[in-house]
4 protein chains.
Amino acid sequence: MPKLGMEPIRREALVKATITEIGRAGSLDVTVSQIARRAGMSAALAHHYFGGKTQIFLAAMRHTLGVYGAEVRGALAMAQGPRARTEAIVRAGFTSSNFRRDVVAAWLNFYVLAQSDDQARRLLSVYQRRLHSNLVFNLRPLVGSRANEVAVRIAGLIDGLYLREALGRDIPSGDAATGQVLTALEQDLKQTERDPRP
Amino acid sequence: MPKLGMEPIRREALVKATITEIGRAGSLDVTVSQIARRAGMSAALAHHYFGGKTQIFLAAMRHTLGVYGAEVRGALAMAQGPRARTEAIVRAGFTSSNFRRDVVAAWLNFYVLAQSDDQARRLLSVYQRRLHSNLVFNLRPLVGSRANEVAVRIAGLIDGLYLREALGRDIPSGDAATGQVLTALEQDLKQTERDPRP
Amino acid sequence: MPKLGMEPIRREALVKATITEIGRAGSLDVTVSQIARRAGMSAALAHHYFGGKTQIFLAAMRHTLGVYGAEVRGALAMAQGPRARTEAIVRAGFTSSNFRRDVVAAWLNFYVLAQSDDQARRLLSVYQRRLHSNLVFNLRPLVGSRANEVAVRIAGLIDGLYLREALGRDIPSGDAATGQVLTALEQDLKQTERDPRP
Amino acid sequence: MPKLGMEPIRREALVKATITEIGRAGSLDVTVSQIARRAGMSAALAHHYFGGKTQIFLAAMRHTLGVYGAEVRGALAMAQGPRARTEAIVRAGFTSSNFRRDVVAAWLNFYVLAQSDDQARRLLSVYQRRLHSNLVFNLRPLVGSRANEVAVRIAGLIDGLYLREALGRDIPSGDAATGQVLTALEQDLKQTERDPRP
DNA sequence: AATGAATGAGGATTCATTCAT
DNA sequence: GATGAATGAATCCTCATTCAT
C-alpha cells in the first residue's frame, strides 16, 4: 500500500533524528542507519530522500538555522525601538528551543563541517551575515559608527557562550548567557553616551 | 643517522603532523596513515609510539595546550600589575603561534572530541579552569566582586572569536581579535570606576 | 532469484563453509573472507549476519553439536533395552556425518577455543554433560554403581579416538573406532557379571 | 659486555616461557613479544635464536615430548616385569610434571599445530609410535595377539583423559586418570585369562 | 650478545551506497 | 513507497620479521 504524501513527513523525521543523534554522539560520527532507525525507517529510504549522508546533515543544518531565523524574526516583530530590537536578537539566540544541549552540539559540529564542506560553509556564512547586519542595523542608532565593531563583539560573545555551553555538564542556562551578552551590550551603549561618535 | 633515542623525535613529529592534518582536513576525519606519512614514518610506528588514534589526538591536544600555557606564563612573567597581567593573558591567546589557522581548527575539533571522549573533556576542563582562575585572580583588584562575571565574559569572547576565525577565509588577525577583547575589558573597568562594588 | 528470506540460507552456507575451512586449515586461523568466499558472499555480509568472527565459529559449533545430538536421539529412538541404547550412543559418535575429517578438525579446534572463550566452554560443557548423563542413565541397569566410572571411561575413549583420528592421514574409520569402544564397554559389562555391585 | 654461553640459557627460558604463555592463552595465539618478554628478552633476540615463531613452538614441543620421554624411560628402568612396565608407562603420562594445566594446554595446541605444520606432525608421530611400540612390546607377554588392539585402546584413553582435563576447571587429578586407565588395562588382562589367544 | 627502530602485509570490522523486489 | 540484500572501499590495528647499532 504505497502511502502518498509521505515525503515531507519522512524528511522532517530524518532531520529531527539527525539533530538528536548528533547530540547523542557529540559528533558527526553518526551512521545513516542510526539516524534512519531513530526516524523509524530504513537507511535505504533515507538515502532515497536525501541522496546521501552529507545532504542529510545539510538539511538538518538548514532546519536548525531556519528555526533560529524564525525565532529572531518573531522576536523582532514584537520589539519596539532599536534597543529593544537588539536585545530581542540576543535573547532569541538563547531561547529554550535553540539553546538545548543537542542543538548546541549540532551547531558546534556544523562549524566543523563548514571547514571542509562548501555548502555548509555557505550556509553558515549566510547565517552570520544575517545576524551581523541585523545587529548593525539596530545598533547604528544606538552607537553610531561603532555599530560594526560592537556587532562583532556581541556576535562573538554569543558564539563563545554557545561553545562553552556545549561542554558544561549542567543544563544550559539561557538566562545567564543572555545576561552576559546584555551586560556587554549595555556597556557599549554607556560608552557611546560618554564618547559619542556619530 | 642515529638509531637510538628516536622516540621523542618521532612523537614530536607525529604531534606536529597531527595538527597540520587536522588543519588541512578541518576535522578529525584524518587517518593515522595520513598523519604518519606526513610525519615521515609508517602508520605502524605511529601506533607503536602512541597506542592508538585517540592517543595521538590527545597528545597533539596536550601539546597545543602546553604551548598555550607556556605562552601565558611567559607573558605573565613580563607584565607588571593586574591590568597589564590581565591584558597579557588576553594577548597570549592570539599570539601568532596560537592563532594559526590549523591550530584554531585543532581547537575546534578538540571541543568536539571533548563531547564524547572523557580524557579530552578533562584536558579542556583543566585549561578552562586555569584560564578562569588566572583571569579572576588578576581581575579582583580591578573589578572587585565582579571579577567572576567579567572573567566569564572575557573567556567567552575569546572562545567566540576563535570560533569565528575558524571559518573566515582570510588569515587570522590576532590584532583585531585582541582589540575586541581589550575593548570589552576596558569597558568593564570603566563600569567599575562608575559603580565600584568592593 | 528470490531476494527475500535469504538470511537462513546465508547463515547455513556460512556455517558449512566454516566447518570446511577449519577442516582445510586445521586450525581457527581462517579469515572471515575465506569463509565468506567459500560460502559465496562477501565478508561484509558474513559480518552482517553473525556480527563477528567468534559468532560465526560459535554458530558452526552449535550446528555441529546439533547434528551430533540429533544423531544420538535418532539412534536412541531405534534401540531397545539399555545395552542396545548404550551401544547406539557410542555408534552415533562415529557416524559418517560426525566422524568426517573436517568435522573432527572442527571439534579439536572447538576444544581449543573453549579454553579461552566462555561461550564455547559453556557449549562444550552442555554437550559433555548430556553425553555423560545419557551414558550413566543407560549404564545403571547394566553395571550398577559402576555406571559413573564406566561412563567416564567410555566418553574419554571416544574423545581420545577422535583426537587420534584428527592426525592420522587415512580416511577416518568409524568402524574401527566403534569396535574399540564397544570392546571396552563389553569388558566393563563382563566385569560386572563377575563382580556385581548393585 | 657480551656474555658468553648465554645461548642455552636463553633457549631454555624461551621454551619455558612458550609453554607458560600457551597455557595462559589456551591457544597458539600468542605473540613472540609476549613470549620474549616473559623470558626476559627482546623479541628480536628470540628470533635470533630460533629463526621464527614456528621454530619456537616446535622447540617447546620437542622439550615437552622430551620431558615426557625421559619420565617414561625413568619409570621403565625401575619397573620389573611386563605388567609393572606397562603400568609404569601409563603412570608416567599423568605425572605431576606432565599433567599440569599449562602442559595439557600445550599438548592440545600441538595437536592443532600438527594438522597444518609438517614438522609438528612428524614430531607427534614419533611420540605416538614410540608410545605404541612401548605398549605393544610390554603387552605382548600379557595379552598375546591382542597386544596391538589393546595398545590402541590404552593410548586412546590416555589421550581422551588429557583432552577432558584440558577443559575441566579443577586442578587435574593424575590419580583419577591413572586409575581409569589401569582399570581398563586390568580388564583387558582378565579377558585374556578367560580367552587366551597366543 | 642484544635491542630499539621500523615496516609490510594482512585481517576484522564498519559503513555509505546501490539494487532488485 | 519502502526495504532487505549485498558489497567495495576504507580504516584501525596487530604482528612477525628485519636491520642498524
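Start where chains D and C meet: the rule finds two salt bridges across that interface (a salt bridge being a side-chain nitrogen of Lys or Arg within 4 Å of a carboxyl oxygen of Asp or Glu). Before you click on, know that this is a predicted model, where local features need pLDDT of at least 70, side-chain atom pairs count only at pLDDT 80 or more, and totals for chains, interfaces and linings use all residues. Residues are numbered from 1 along each chain as its sequence is written, chains are lettered from A and ligands numbered from 1 in the order written, and side-chain values use heavy atoms, with hydrogens and water left out.

Select D:Asp159 and C:Arg164: their side chains form a salt bridge, 2.9 Å from N to O. Now color helix H8 of chain D, residues 147-167; with 13 residues, H8(D) gives the most to the side of chain D that touches chain C. (Helices are DSSP runs of H or I, at least four residues, numbered from the N terminus.)

Next, hop over to DNA strand E. Which residues come nearest? Of the 37 around the strand, they are A:His47, B:Arg10, B:Ala44, C:His47 and D:Arg10 ("around" means a heavy atom within 4 Å). Sugar and phosphate make up 73% of the strand E atoms that come within 4 Å of the protein.

Zoom in on B:Arg10, where a side-chain N or O atom sits 2.5 Å from a phosphate oxygen of strand E. At C:His47, a polar side-chain atom is 2.7 Å from a phosphate oxygen of that strand. Finish on H3(D), which gives the most to the surface near strand E, with four residues.

Technical notes
Polar contact = N/O pair within 3.5 Å; in protein donor to acceptor, adjacent residues only side chain to side chain. Helix = DSSP H or I, 4+ residues; strand = E, 2+ residues; numbered from the N terminus.
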